[in-house]
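Thank you all for making time this morning. I would like to walk you through one protein, beginning with the whole chain and then stopping at a few places along it.

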Amino acid sequence: MLNLCLIKRSFIRQSAEDDCGRACLAMILLYAGRPSAVRELDRVPVPPGGFSLLELKDLARSHGLDARVVVVDPPALRKISSPCILHTLTPMQEHHFEVCYGGRDSCGTFQYLVADPACQAGWQREEELLGRWPLRAALYFPDISPDPQAFGRPGWRVLWSYRAFPPGLLLSVPVLTLLSAFAGVAVSWTLQKGMSDSAILQGRIIAALLILLLLISFSRILMSYLRQRILLRIETDLQTRLMQLLTERLFPGKEAAGEVMSAESARPILLDIQRVKSALLTLVSVVLPDILSAVFLIAVVTSYVPAAGLVELAYIVLTGLILLGRLFPLSFSMTRLQALHASAENVLVRDVNRIKAIRIAGLEEQRKALHQQNQQLHTALRHRFLLGLSHELLGLEALGACSVTAVWVTGLYQLAQMQISYAILMTIVILSYILTTLVARMQSALLVVAEGTDAALQLQRTLQDSLQP
């Protein structure tokens, strides 16, 4: 099965540095529809340094899976139809395990669907995977097929199940945001109308105009205040509920059957809670308001010049497809970067705690060079990621510029035909430009939501003993 959305539902993150092998085997068991075996595997202690490939084979066979330790060359890996566990190396040259579900040829480049228990699942280029897999050793499962019932609910549904606010608040924030923006446009339009029509600034009309501007301004201030109060209420309720789930799992009580969670396991859960909360807040405060604003702007442009409205609609559809198509790769790259940073930080903290032993062994310069190398590696990968992200933003901005230009040309044609006025032309061009400004913010917001979706799936699995969302 090469469906990334389904594989992400069966992804299991490692709970400690040495736990990658057990997490990979748990993903294989879940892929085969054996959730009870996964719970049994969780109770198996991990030896110092983690499991070897042979030990993973014995564990797999003890849970009823036929497993073989093999050496696979790249041509054979391309033809594999069953998932396998690869013995890889991390960027810091530490032993690691990952699950490979198969590959595909994409535009002349071969890619593999790989689940790295240190971060997430995603598509990787063949040269990138082979560079981390020098020994070509793998644990192969010849007779295994996916169980469709093993993949659970979609991540976005799990994320939304953690909401702790009334459904009525869902539309209140986007509506208040739209009304506040509309009030700002109304103020600008009224002032421009007064500048172009001097009759408005005569007699009693100017007093009525001032009162109208004050009412609009105060209404906008009130709506912004209500929006902030609602967001604060949502954030408080989310934090309260998520922390309640965590404390119930940390302190299950004397009659609880599950094992008590360790402090090491609690740290990533706290990060998951923060990601879930940020994703839900971003969804309510950015994504939904921007979608509503985009619909409003397109409707206004269409009411003035239908052809320009079609141009804007085509622009939104195209950018939406681009953003959704690039969402998973960007989220995977960002998660890998964060995992690398956390791993390098853990190694540094571990060496600081044993600095006396390192000095006695005469390894201080060697360890210092290693940490500097790790820092340079993280900096290089971060630079590559941010550079790629800036290239994508540049492409989206260029597409937005083309959209505004097309609207301008369409409006000029209508103006030449005496079908619209110059003021209407300026209005649709300005609204089109405002529409393009939403795209960059939408990309950042969708990345936050994607991270929160993945975190919600991990949080569901970790806290399922206390409450099934």
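Let me begin with how the chain is connected to itself: among contacts between residues at least 6 apart in sequence, 73% join residues at least 24 apart. Please keep in mind throughout that this is a predicted model, and that the values I quote are computed from it. The protein has 469 residues, of which buried ones make up 43%, and its secondary structure consists of 14 helices and six strands. As for the surface, the protein exposes about 24,700 Å², with carbon and sulfur atoms supplying 62% of that area.

Now to the interior. The largest nonpolar core contains 59 residues, and the ones with the most contacts inside it are Leu159, Tyr162, Leu242, Val276, Ile428, Leu435 and Leu459. If you would like to find this core on the screen, the elements giving two or more residues to it are α7 (155-161), α8 (168-196), α9 (205-250), α10 (263-304), α11 (306-353), α13 (364-416) and α14 (422-462). Which of these elements gives the largest share of the core? That is α14, with 17 residues. To see one of the well-connected positions in detail, take Leu242, which, when residues up to four places away in sequence are not counted, touches Tyr162, Ile273, Val276, Lys277 and Leu459. There is also a second, separate core, made of 38 residues, and it includes Leu29, Tyr31, Val38 and Leu65.

That second core takes us towards the start of the chain, where I would like to spend a moment on helix α2. This helix covers residues 20-31, twelve residues, and it reaches 16 Å from its first C-alpha to its last, which is close to the 16 Å expected at 1.5 Å a residue. How many of the residues of α2 are buried? The count is twelve of twelve, so that, since buried means under 20% relative accessible area, the helix can be called mostly covered. The buried residues of α2 include Arg22 as well as Leu25, Leu29 and Tyr31. What covers them is a mixed set of elements, as the buried residues of α2 pack against α1 (4-9), α3 (35-42), α4 (53-62), β2 (84-89), β3 (95-106) and β4 (109-115).

Of those partners, let me single out α4. The axes of α2 and α4 come within 11 Å and cross at roughly 35 degrees, and the crossing is right-handed. On the α2 side the contact is made by Gly21, Arg22 and Leu25, and on the α4 side by Leu56, Leu59 and Ala60. Just after α2, the backbone at Gly33 takes a positive phi of about 80 degrees.

Positive phi values also turn up in residues other than glycine, and I would point to two of them. Arg136 has a phi near 60 degrees and lies in the loop between α6 (126-132) and β6 (137-140). Met418 likewise has a phi near 60 degrees, and this residue is found in the loop between α13 and α14. Are these two residues buried or exposed? Arg136 counts as partly exposed because its relative accessibility is 22%, whereas Met418, with a relative accessible area of 72%, is exposed.

Let me finish with three residues in the long stretch of helices, starting with two in α14. Gln458 has its place in helix α14 and counts as buried, because its relative accessibility is 5%. Leaving aside neighbours within four places in sequence, Gln458 is in contact with Phe11, Ile12, Arg13 and Asp272. Thr427 is found in helix α14 too, but at 31% relative accessibility Thr427 counts as partly exposed. Thr427 and Val301 are 126 residues apart in sequence, while their C-alpha atoms are 8.2 Å apart in space. The third residue is Gln228, which lies in helix α9 and, at 47% relative accessibility, counts as partly exposed. Its counterpart here is Ser285: Gln228 and Ser285 are 57 residues apart in sequence and 9.6 Å apart in space, C-alpha to C-alpha.

That is where I will stop, and I am happy to go back to any of these places on the screen.

How values were computed. Residues numbered from 1 in each chain as written. Predicted model: local features only at pLDDT ≥ 70, side-chain atom pairs only at ≥ 80, totals over all residues. Heavy atoms only, no water. Core = buried A, V, L, I, M, F, W, Y, C linked by side-chain atoms within 4.5 Å. Buried < 20%, exposed > 50% of the residue type's maximum accessible area, 1.4 Å probe, protein only. Helix = DSSP H or I, 4+ residues; strand = E, 2+ residues; numbered from the N terminus. Contact = heavy atoms within 4.5 Å. Expected span 1.5 Å × (residues − 1). Areas by Shrake-Rupley, 256 points an atom, 1.4 Å probe, with all protein chains shown as cover. Axes fitted to C-alpha atoms, helices over the stretch in contact; angles between N-to-C directions. Left-handed = near helix turned anticlockwise from the far one by under 90°.
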